[in-house]
Amino acid sequence: MSYKRVFTIVLDSVGTGAAPDADKFGDEGSDTLGHIGEAYEGKLALPNLQKLGLSNLREQAIEGVPAVENPLGYYGKMTEISAGKDSMDGHWEMMGLPVIQPLDFFPNGFPDELLAKIADFSGRKIVGNLPASGTKIIEELGEHQLETGDLIIYTSGDSVLQIAAHEEVIPLDELYRICEYARSLVNGPKYTLGRVIARPYVGTNKDNFTRTSHRHDYSLEPTGKTDLDYLQASGIKTIGIGKINDIFSGNGLDEVYHNEDNMDGMDHVDHVMSQDFTGFCFVNLVDFDSMYGHRRNPIGFGQALMDFDQRLATVLEQLKEDDLLLITADHGNDPGFKGTDHTREQVPLLAYSPSMEKSESLGIRATFSDLGATVLNNFNVKGSGKGTSFLQELI
């Protein structure tokens, strides 16, 4: 075992340029980090990510974040092999379970048969039923829901069914119960969806409707063992922060924390780092994606990155000689690109420990599963064999 504790922070949707198969998704030219840098016109400041090699891993440096001569650690990119480009696919693949069989998605809305069952169960009518931005659809239909109590159901380019509900019209426990029922309808074989998402919001009219932190993801149960399961079975402590627990349906996790927002998530990271344990801490920070990527807001996205970068300074200070920090992403969501969906991009891979004696490129990893393989290798745990460990490259 090289490191006693391994911390992996997933910057949800922070992609670093179109993947080799981006054309299959209509995502040629996407570049989340590159377009955020352009939007800031050289004023994007990410000093801690910069010194870890964030621009060194790119062919073209992020505007305002030049490559550094001697990064602190190791840097590279990872390429996704899963069939989709959403959070579930990305995280499962990181943990050695690529999603090879495409899941169902409904770009023209869900079948009447499926909606009828949800309506019967909930006792509520359904409006929406189309691909849409979450903020735009509550702006368009939120006032209608206030008047009628109808469910707002919508989707995206991903394998997802989302239900938006005003918290004062449809209480959280009712919304969650409806989503749990909807989840039971899309576990296959007829319909197999990656996620059902509860999207609560508050406000009095379309001008001030705001989504809350009470979002809850109901993911498809992992279709096989993940690296989290292998670690847990070997007595290695596993900790999930943010929507990690939702993505893996609670499987393979000993301790979990729900995030109110990115900064709350970083508070949880600080708390876990203060503990003495041997194990793996898996973190997801979702605001980049949900608050700014889907809303195509590059300025807000960049500010969220700068806020994270400031908190990263504390993480770097707290790391011990036998700690390993890995920073990556699960997909792209380019705020300078067309549409409102995720974008098929390669993702950054940054690795750092205070004990490292040099810095080098980790190259372009052939699958996200290389990350999980490295974690398993570190703890001398045998997994499914997916991915290639880069542990021996970390000196």
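## Close-ups of a predicted model

**View 1. Strand 1 sits alongside strand 11.** In this predicted model, strand 1 (residues 5-11) pairs with strand 11 (residues 279-285) in the parallel sense, and seven bridges link the two. If you want one pair to zoom in on, take I9, whose bridge partner in strand 11 is V283. As a reminder, strands in a sheet pair through backbone hydrogen bonds, and they can run parallel or antiparallel.

**View 2. The whole sheet, edge to edge.** Pull back and you'll find eight strands making an open sheet, ordered 10-9-11-1-12-13-2-14, with mixed pairing. Strand 10 (255-257) and strand 14 (361-365) are the edge strands; each has a single partner strand, so one side of each goes without a neighbour in the sheet. Ignoring direction, neighbouring strands here are turned by 15 degrees against each other on average.

**View 3. Helix 11 lies against the sheet.** Which strands does helix 11 touch? Helix 11 (residues 298-318) packs on the sheet and touches strand 1, strand 11, strand 12 (323-328) and strand 13 (347-352). Compare directions and you get about 160 degrees between helix 11 and strand 12.

**View 4. Helix 1, mostly under cover.** Helix 1 spans residues 32-40, and seven of its nine residues are buried. The buried ones are T32, L33, G34, H35, I36, G37 and Y40. What do they pack against? Helix 11 and strand 13 are the partners for the buried residues of helix 1. Helix 11 also touches strand 13, so to speak closing the loop of this view. Just past the end of helix 1, check the backbone at E41: its phi is positive, about 50 degrees.

**View 5. The annotated stretch.** The UniProt record (an unreviewed entry) puts the feature "domain: Metalloenzyme" at residues 4-382. Over residues 4-382, helix accounts for 33% of the chain and strand for 20%, while the end C-alpha atoms are 17 Å apart.

**View 6. Zooming out to the full chain.** The protein chain has 12 helices and 14 strands. Its radius of gyration is 20 Å, close to the 21 Å from the globule rule for 395 residues, so the chain is as compact as a globular protein of that length. The C-alpha atoms fill a box of roughly 65 × 50 × 40 Å along the principal axes. Buried residues come to 59% of the 395. Of the contacts between residues at least 6 apart in sequence, 70% join residues at least 24 apart. About 15,100 Å² of the protein chain is exposed, with carbon and sulfur atoms supplying 47% of that area.

Definitions and conventions:
Residues numbered from 1 in each chain as written. Predicted model: local features only at pLDDT ≥ 70, side-chain atom pairs only at ≥ 80, totals over all residues. Heavy atoms only, no water. Pairing = 2+ DSSP bridges. Helix = DSSP H or I, 4+ residues; strand = E, 2+ residues; numbered from the N terminus. Axes fitted to C-alpha atoms, helices over the stretch in contact; angles between N-to-C directions. Contact = heavy atoms within 4.5 Å. Buried < 20%, exposed > 50% of the residue type's maximum accessible area, 1.4 Å probe, protein only. UniProt positions renumbered as here; feature names shortened; annotations may be inferred. Rg over C-alpha atoms; globule rule 2.2 N^0.38 Å. Areas by Shrake-Rupley, 256 points an atom, 1.4 Å probe, with all protein chains shown as cover.
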